[in-house]
Amino acid sequence: MVGRLLLLARGQVRVRVTGASLPRFLNACARHGITLRRMKRTAWNEMYATLSVADFRALWRHMGRTGCRVHIVRRRGAPFVAARLRPRYALWGGFFALMLLCWILHAHIWSIETNISAALPEGEIMRQLDALGVHIGARRSAIDTGRIRWKMLQLQPDMTFFSLNIQGNRLTVEAYGEAPPSELLDQSAVTKVVAARDGVVRRILAQEGQPVVKAGDAVSVGDTLISGLVPPTREEGNYHLTHGRGEVEAYTAYHTARARALTTEKKTYTGKVRRQYALVFGNKRLNLYFGSGISSSTCDKIIETKTLWLSDSVVFPISLVKQTYVFYETETVTQTADEVRVDMISRALGDIAAGMDGRITGHEETLAEQAGAAVLRLSADAVEQIGVEAVDDSTIPEKEPEEDAGAQ
């Protein structure tokens, strides 16, 4: 199969040879190294054979003494196809333009996708990548993924994983990390547990350290609940310092006030829709409409982008952007305080619950209308864990000097 393709690439000629001296013709071909293939003798003075283009040209120099004539029956192969296409300049121009387009598509990055965790600043990361040469239109060969990965991990201390994956002319940025952790106390440090909120102690569970409050005690923010100074457990024992830790559950109370306007604007869609289109070539945008965009004060704006692509790894640097404007009219709607009561209470309780390590056990509220607004005042009772660790600066008390046995 490979040999046949090579013969077609060099070109082949099918000929008909006629004459009374066919043996003399065959001897001349053998003597001068001319290869005949697929020979077929159809009469005593006629035969068919296939030659390469080079052998056919050499044959004409040795035909004079054979007494035979050679007639071309068929031409096959790349040289003859190229000769037929040579006058078609538009076709050749289109072919070379297609080759150039394929090279541009393959050699440059035309699509960038991101998969960046919410804990990292995506905008800042993309600006840093742009400064390092990673952007739409960048040459693939100029992107050193190893060097860029090392540099990004230096620029973003909170980043735990970073990679650039290039597939065809598409690039995917993956970055994961976590928000900077709050400062943790040394596990070998002397600490105590203090109250983070005012409340009444319900239950105390000391894992290490000495509890200094009991159930039913009222505590304020900053009060010591579990001390890192532990008294001796036997008569001849000694005080010692430890890393106090534990949980202190307490009854707490929250008070909040909210206001909400009772007059709001409601959208009523008119059915009028307007569309605008634009073409994006790489980083350049060509608007297919006159003027600027439409103000979004009286309409909803929906943007759709469609990119021309051949496969998952090959995309064209051309995108069609469609902007759809759906127009509406505003209508003033007035509600009563009772109509917004449930929603206001639900939102207030949700905000309180989101900021505590516990649960809400009950609430009381008052709702009134004042100056066109619903004013909510809410008090909530909760049970939550209020103990947090803090540095304990306690010191071991000195022992009292023993009285001399002979003292009077």
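Leucine 320 sits in strand 19. The model examined here is predicted. At a relative accessibility of 33%, leucine 320 counts as partly exposed. Leucine 320 belongs to a nonpolar surface patch, together with Tyr277, Phe281, Leu286, Leu288, Leu308 and Ile318. The accessible area of these residues together is about 600 Å². Two strands, strand 16 (263-281) and strand 19 (315-334), each supply at least two residues of the patch. Membership requires over 30% relative accessible area and no salt bridge. Leucine 320, at 33%, therefore passes the area cut-off.

A second patch carries charge. Arg4, Arg38, Arg74 and Arg76 form a positive patch on the surface. Two of its members can be described further. Arginine 74 is found in strand 4, which covers residues 69-76. Its relative accessible area is 38%, so arginine 74 is partly exposed. Arginine 38 is placed in strand 2, residues 37-43. Arginine 38 is exposed, with a relative accessible area of 53%. Both values lie over the 30% that patch membership requires.

Arginine 75 also lies in strand 4. Its relative accessibility is 49%, and arginine 75 therefore counts as partly exposed. The exposed class begins over 50%. The C-alpha atoms of arginine 75 and valine 53 are separated by 9.2 Å. Along the chain, these two residues are 22 residues apart.

Backbone geometry gives arginine 38 a further feature. Its phi is near 55 degrees, a positive value in a residue other than glycine. Most residues other than glycine have a negative phi. Alanine 371 likewise has a positive phi, near 50 degrees. Alanine 371 lies in a loop, between strand 20 (358-370) and strand 21 (373-385). The relative accessible area of alanine 371 is 88%, which makes this residue exposed. Arginine 38, by contrast, is in a strand.

Salt bridges were then counted. The count comes to 14. One of them joins glutamate 113 and arginine 170, with the closest N and O atoms 2.0 Å apart. This pair links distant parts of the chain. Glutamate 113 is in strand 5 (residues 111-116), and arginine 170 is in strand 7 (residues 170-177). The two are 57 residues apart. Glutamate 113 counts as partly exposed, at 36% relative accessibility. Although 36% is over the 30% area cut-off, a residue in a salt bridge is left out of the patches. Glutamate 113 is therefore not a patch member, because of its bridge to arginine 170.

Aspartate 217 and lysine 214 also meet in a salt bridge, through their side chains. The N to O distance is 3.6 Å, and the limit for a salt bridge is 4 Å. Lysine 214 is exposed, with a relative accessible area of 54%.

Aspartate 343 and arginine 260 form another salt bridge, with 2.5 Å between the closest N and O atoms. This pair, too, links distant parts of the chain. Aspartate 343 is in helix 8 (residues 337-354), whereas arginine 260 is in strand 15 (residues 245-261). The separation along the chain is 83 residues. Aspartate 343 is partly exposed, with a relative accessible area of 30%. Arginine 260 is partly exposed as well, with a relative accessible area of 30%. Arg202, Arg203 and Glu249 are joined into one network by salt bridges that share partners.

Helix 6 has two distinct sides. Its residues run from 122 to 131, and the buried ones are Ile125, Gln128 and Leu129. They cover an arc of only 100 degrees around the axis, so they lie on the same side of helix 6. Arg127 and Ala131 are exposed on the other side. The buried class holds residues under 20% relative accessible area, and the exposed class those over 50%.

Finally, one pair of residues was compared by position. Leucine 241 is found in strand 14, residues 240-241. Its relative accessibility is 33%, so leucine 241 counts as partly exposed. The C-alpha atoms of leucine 241 and threonine 114 are separated by 51 Å. Along the chain, leucine 241 and threonine 114 are 127 residues apart.

Methods:
Residues are numbered from 1 along each chain as its sequence is written. This is a predicted model: local features need pLDDT of at least 70, side-chain atom pairs count only at pLDDT 80 or more; totals for chains, interfaces and linings use all residues. Side-chain values use heavy atoms; hydrogens and water are left out. Patches are made of residues with over 30% relative accessible area and no salt bridge: like charges are joined within 9 Å, nonpolar side chains (Val, Leu, Ile, Met, Phe, Trp, Tyr) within 5 Å. Accessible areas come from the Shrake-Rupley method with a 1.4 Å probe; for residues, only the protein chains shown count as cover. Lys and Arg count as positive and Asp and Glu as negative; His and the chain ends are not counted. The place of a charge is taken as NZ of Lys, CZ of Arg, CG of Asp or CD of Glu. Helices (H or I, at least four residues) and strands (E, at least two) are DSSP runs, numbered from the N terminus. Buried means under 20% relative accessible area, exposed over 50%, partly exposed in between (1.4 Å probe, protein chains only). The arc is that of the directions from the helix axis to the C-beta atoms.
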